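Welcome! Please take a look at the model below, and then we will walk through one part of it together.

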Amino acid sequence: MTRSKRLSQIEQMVTPGYTHIWDCCCDHGFLGAALLSSQRTAQIHFVDVVPTVMSELESRLQRFCSDSATRWNTHCLDVTELPLEQYSGRQLIIIAGVGGDLITQFVAAIQQKHARLNLDFLLCPVHRQFTLRQKLIELNFSLRDEALIEENQRFYEVMLVSSNSKLNAPISPVGEKIWQSDSAEQQHIAEAYLHKTLSHYQRIQQGNKVAVDHILAAYRAITL
Ligand SMILES: C[S@@+](CC[C@H](N)C(=O)[O-])C[C@H]1O[C@@H](n2cnc3c(N)ncnc32)[C@H](O)[C@@H]1O
């Protein structure tokens, strides 16, 4: 069961047609469990590096998802060790709820190991979105979709990207669609997120230890 606005948003951004969906850093497994219901033709892979997390999840899945037992697998693995080459068809790798630096490392390692595969990634870092976007641009990834949500006074960017650069739009260093609001509520979220992000980088700039002028300039150029 998807329990939060953040996980619901991620679930909604999974488009139909994937053969394998990897819920990486799955922890409680809520996202993968929701996808078992909403993506009924996909094989759902639950991945976490902590053995106790995976054994508890395996027990819960056996208890509550036995009717779909042929459609899920558990893997106690580091995200960088995903056995993607063993599977065919369209694959989506979801990584959410960990820091942007870590997600950046995961995506770079997966891409390096599986350069010949066309992979989609659905990413939701808890911070360091700019760093992640820089790496995705450097890797020549393209954008399928992006969204901005607020939950418990925290802001989350969700990005659906593809390692196939020819298919979709280029990735913006600061996002594009996330700043375009279709409601007063979304406008308010975008304004608050921009304000918070600018304040964050202004504080870093004042500390004078890390060069962030280019990042500030990019965020200051956003019009809402
Ligand atoms: C905060 S939980 C995120 C849960 C869920 N994805 C979400 O967004 O709510 C982070 C999980 O990432 C797992 N994790 C951290 N590093 C990992 C790695 N290198 N490979 C696989 N899992 C990892 C941790 O064990 C933990 O269960």
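Two strands count as paired if DSSP finds at least two bridges between them. Helices (H or I, at least four residues) and strands (E, at least two) are DSSP runs, numbered from the N terminus. This is a predicted model, in which local features need pLDDT of at least 70 and side-chain atom pairs count only at pLDDT 80 or more, while totals for chains, interfaces and linings use all residues. Residues are numbered from 1 along each chain as its sequence is written.

Let us begin with strand S4, residues 91-96. S4 has a parallel partner in strand S1 (residues 20-24), and S4 also runs parallel to strand S5 (residues 119-124).

| Strand pair | Bridges | Partner of Ile95 |
|---|---|---|
| S1 and S4 | 5 bridges | Cys24 |
| S4 and S5 | 6 bridges | Leu123 |

How well covered is S4? Of its 6 residues, 6 are buried, meaning that 20 or more other C-beta atoms, placed from the backbone, lie within 10 Å of a residue's own (exposed is 12 or fewer, partly exposed in between). Gln91, Ile93 and Ile95 point one way from S4, while Leu92, Ile94 and Ala96 point the other way. In a regular strand, side chains alternate between the two faces of the sheet.

Now for the wider view. The chain has 7 helices and 8 strands. Of its 224 residues, 33% count as buried. The C-alpha trace spans about 55 × 35 × 30 Å along its principal axes.
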